[in-house]
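Please walk through this fold with me. Keep the sequence and the model side by side.

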Amino acid sequence: MTSPLQLNVRLPTSEDPVNEVEFDIAECLVDPNIEVPEPTPILAFEYRGFTVPIFTENNKSLIKGQAKSRKSTLIKAIGATIVSQGYYREGGMLKSYYHRNELTIVDTEQGKYHCYKAVKMIQRLSNGNLNYYRLAGRSIAQKKFLVEQHLK
């Protein structure tokens, strides 16, 4: 029997910006013989009896694209669907199975007025609330720090 592979990983800590940590990589191995339950779809596309999960619980998602590629429009539809805890508009193809009613949107590009309009539209379409943060105009380091703090 071979000994487990050991890795030296440098992880930052609050006391020391660079800290070496050893761990057994075998702890990260995915065993195909142990069944893992499918996570709850936060958002799914439903069409002709098929459900295709788009976002699932316990995963973080990012939408990225070129300027003016309608990312914000997509985010509004996704946000309204998730907060409504059902279909996006009656008979739509987007459906949320998420029932914790917690959603955070971090907008790194739009100005205050357009973020305000987005929050109002999501509330109107879903009758729900969400945390919508506007980080436009902040440095990359500040944006990263604020997102990490919110996730903690």
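The text goes from the sheet to the helix and then to the surface.

This is a predicted model: local features need pLDDT of at least 70, side-chain atom pairs count only at pLDDT 80 or more, and totals for chains, interfaces and linings use all residues. Residues are numbered from 1 along each chain as its sequence is written, and side-chain values use heavy atoms, without hydrogens and water.

Start with the sheet. It is open, has three strands in the order 4-3-5, and pairs antiparallel. Strands are DSSP runs of E, at least two residues; helices are runs of H or I, at least four residues; both are numbered from the N terminus. Two strands pair if DSSP finds at least two bridges between them. Strand 4 and strand 5 are the edges, each pairing on one side only. Strand 3 and strand 4 share six bridges in the antiparallel sense. Along this pair, Leu 43 stands opposite Phe 55 of strand 4.

Now the helix. Helix 1 lies across strand 3, strand 4 and strand 5, at about 105° to strand 3. Such angles run from 0 to 180 degrees between N-to-C directions, with axes fitted to C-alpha atoms, for helices over the stretch in contact (heavy atoms within 4.5 Å).

Lys 71 belongs to helix 1, residues 71-84. Is Lys 71 buried or exposed? Lys 71 counts as buried because its relative accessibility is 15%. Buried means under 20% relative accessible area, exposed over 50%, partly exposed in between (1.4 Å probe, protein chains only). Leaving out residues up to four places away in sequence, Lys 71 touches Ile 63, Lys 64, Gly 65, Gln 66 and Glu 109.

Last, Met 93. This residue sits in the loop between helix 1 and strand 5 (94-95). Met 93 counts as partly exposed, because its relative accessibility is 39%.
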